[in-house]
Amino acid sequence: MTFFNARSAWSIYKRELVRFLRTAFQSVLSPVLTTSLYFIVFGAAIGGRMPDLGGVNYAAFIIPGLLMLTLLGETTSNSSFGIYMPRFTGTIYELLSAPVGVAETLVGFVGAAMTKSLILASIILATAMLFVDYTIAHPILAILYIMLVAASFSLFGFILGIWADNFEKLGIIPMLILTPLTFLGGTFYSIEMLPDPWGKIALANPIVYLVNGLRWTFYGTSDVAIGISLGLTLGFLTICVAIIAYIFKTGWRLRD
Amino acid sequence: MNSPSMQPILEISGLTKRYAGGLLALDNVDLSINRGELFALLGPNGAGKTTLIGAVCGLVRPTSGTIRAFSHDLATDWRSARSRIGLVPQELATDMFEPVERAVSYSRGLFGLAPDKARIEEILRSLSLWDKRNDRIMTLSGGMKRRVLIAKALAHEPDLLFLDEPTAGVDVELRRDMWKLIGAMRERGVTIILTTHYIEEAEEMADRVGIIRKGKILMVDDKAAMVSRLGTTEAHITLAEPLAEIPAQIAMPGVHLDEERRVLSYRGGDGSGKGKAEVAELTKALIRAGIDYTGIDISESSLEDIFVDLLEQREAESVA
C-alpha cells in the first residue's frame, strides 16, 4: 500500500478550488476593491507628498506590503475555513474515514489555499498596474517567495482551523494579531523611518521580515537581509508542518 | 442470497474508549463480525454504538484495545483496512451545495480510486438518484439526502459497510425502501453492520444481533437463537366466572391469576414452541376441570421484549 495517494490529494485539491470558485465573484472583487482603495488613499492622496523610499517611488514601495496584507489574511482564512467548516458541519467524517494521511490532506487543502493565494496575488498585482508603473526585479524569486509565504500561512490557517472550536476563535488570530502586525510590519513605511526605540522594537515583529523579503524580490532593496527573511519563513513553515504532523499523529481535535 | 461465512472480517478485542471528560464510552469491547453477514448493534441512546463505529472507521482514537479488519491492524495498517470500509453516518453531513454526481465522484477519488463514470452511474441508478445527479444536495428531500450518503459510502466499493442509524427520523415508507436497499447491498456480498433504535429493523434484516449498554456488549447471538433462548410465550385466558384460587388440576409453573381473578395468565417457554404447547395443555386442563373461558390472547415475545428485558435486568443488577 502506497504512503501517498495522489488521487486522494487531487480530489481534495479540486474540491477546495471548486468551493473557492463558488464564491469567485466575492473572492476576486474584494481584493480588487481593497487594493484599489489603498492605492487611492496611500498611493495617490498621500503618496504624492512622500519621498522615494530606498530609491523606490512610494506608490510602488507599498505594493509588496499590500500584497502581503491580502495574502496573509486571505490565505489564513481560506485554509482555516477549509478545515474548520467540515469539522463544524460534520462532513470531516469522510476525510477521517478515508485512507488519507497527513500528506494527502496537506497537499489537497494547503495546495488549494496556495493556488487561491497565487490567483489573488496576480489580481492584486494587475490592479496595482492600473495605479502605478512598477517592474519586479526578481520575478521568479518573487513568485517563489509568494508561494513560500502562501504555503506557510496555509499551514498556519490549517492549524487555526483545527484549534478553533467556534467561529470567534477562527477569526480572532487573523483579525487581532495578523492584520495589526502586518500594518505595523512596514507595509506602508520603511522601519528605518521609525525613531528609536520603535525601529528596534519593529524588528521583533515577524511580519517585517515577510514584507521586506517580498520587497527585496520586487526592488532588490529592503530593511532586512533577504537571507534572514527567507530563513525565518522557512523556519515558520517547518514549525507548522511539525505541529500538523503532531496533530495527525495524536488525533488532537480531529479524532478526540 | 450470499450466506455469511464464519470467516471473521472484523475482529475487535478489548476496545476501550474514555473521552477527555472522563466518559467511558466503550468498556473492553470484544466483537467479531463474519464475512457477508448483516449484524445489527442495538442499544439505547449513549450506549456507545456510534463510538464503536467511529473507532473502527478512524473517527475516534481508541484508548486501548485492538481492531483488525481484513486481517490488517487498524493502528498500523490503516490505509489497507480503511480503503475497504464504508460509512454512512447518522447525521446528514455533506456539502449541501454540491451536485449529487460530483459529491459521489469526490468520495471515490478521496479513497484513491480512478474516476469511473459507469460505476458512479450504476450506484446512482441503484439508489434512484440518477435523475437527480445534477441537483444540488440541498434541494433534495431528507430521504434522498440519506441515499446520497449511501451512494458516497458505496462509491469506493467497500466490502464492509457501517450504517449508523440509517432510518433514524425517516417515515415508515422510506424505512421500508431503505431496508430493501440494505438487502440489495447484502445480496452483492457487502458485509453490513448497522446500528439502530428500531428493533423491528434488526428483526427484519439481521443475521446476528449485538446488544450494547453503557459501553459494554451484553450479548451477541444469532437472532433466531437469541429469540429461542430468551424468548417467552405469554397467554391471557379470560375466564367466564372468577376463580377464588388456581385449582390443583391446572396449577403449573408460570400460571397465575390477576387481581380481579378473572384472567388466568401464563408466561413461559423458550421461544422454541414449548410455550405454545404448554398453553395448549393449560386450556385442555381448564376444560377437564370444568372451568369455562371466553377468550384467549397469546403472544410470542419479540426481539424488542428480549432487548427491553435484558436492559431492565442489567439496570436492576447495577442498582443492586
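Biologist: What is the mean pLDDT of chain B, and what share of its residues reach 70 or more?

Modeller: This is a predicted model, and chain B has a mean pLDDT of 89, with 98% of its residues at 70 or more. For the complex, the predictor gives an ipTM of 0.88 and a pTM of 0.85.

Biologist: Okay, over to chain A. Why is H6(A) called roughly antiparallel to H9(A)?

Modeller: Look at the axes of H6 (residues 139–163) and H9 (residues 206–219) of chain A: they come within 8 Å and cross at roughly 160°. Angles over 145 degrees count as roughly antiparallel, so that label fits H6(A) and H9(A). As for handedness, H6(A) passes H9(A) in a left-handed crossing.

Biologist: Which residues meet there?

Modeller: From H6(A) you get A:Leu141, A:Ala142, A:Tyr145 and A:Val149, and they meet A:Leu210, A:Gly213, A:Leu214, A:Thr217 and A:Phe218 of H9(A). That contact divides into seven nonpolar residues, two polar and no charged.

Biologist: What makes two of them polar?

Modeller: Gly counts as polar, and so does Thr, because neither is on the nonpolar or charged list. A:Gly213 and A:Thr217 are both in the contact, and the polar count is two.

Biologist: And how many residues does each chain bring to the contact between A and B?

Modeller: Chain B gives 25 and chain A gives 22. On the chain B side, helix H2 (78–82) and helix H3 (100–110) are the elements giving two or more residues. H3(B) has the largest share, four residues. By class, that side of chain B has 13 nonpolar, seven polar and five charged residues.

Note on methods
Residues are numbered from 1 along each chain as its sequence is written. Chains are lettered from A and ligands numbered from 1 in the order in which they are written. This is a predicted model: local features need pLDDT of at least 70, side-chain atom pairs count only at pLDDT 80 or more; totals for chains, interfaces and linings use all residues. Axes are lines fitted to C-alpha atoms, for helices over the stretch in contact, and angles run from 0 to 180 degrees between N-to-C directions. Angles under 35 degrees count as roughly parallel, over 145 as roughly antiparallel, 65 to 115 as roughly perpendicular and the rest as oblique. A crossing is left-handed if the near helix is turned anticlockwise from the far one by less than a right angle, and right-handed if clockwise. Two residues are in contact if their C-beta atoms, placed from the backbone, lie within 7 Å. pLDDT is the predictor's confidence in each residue, from 0 to 100.
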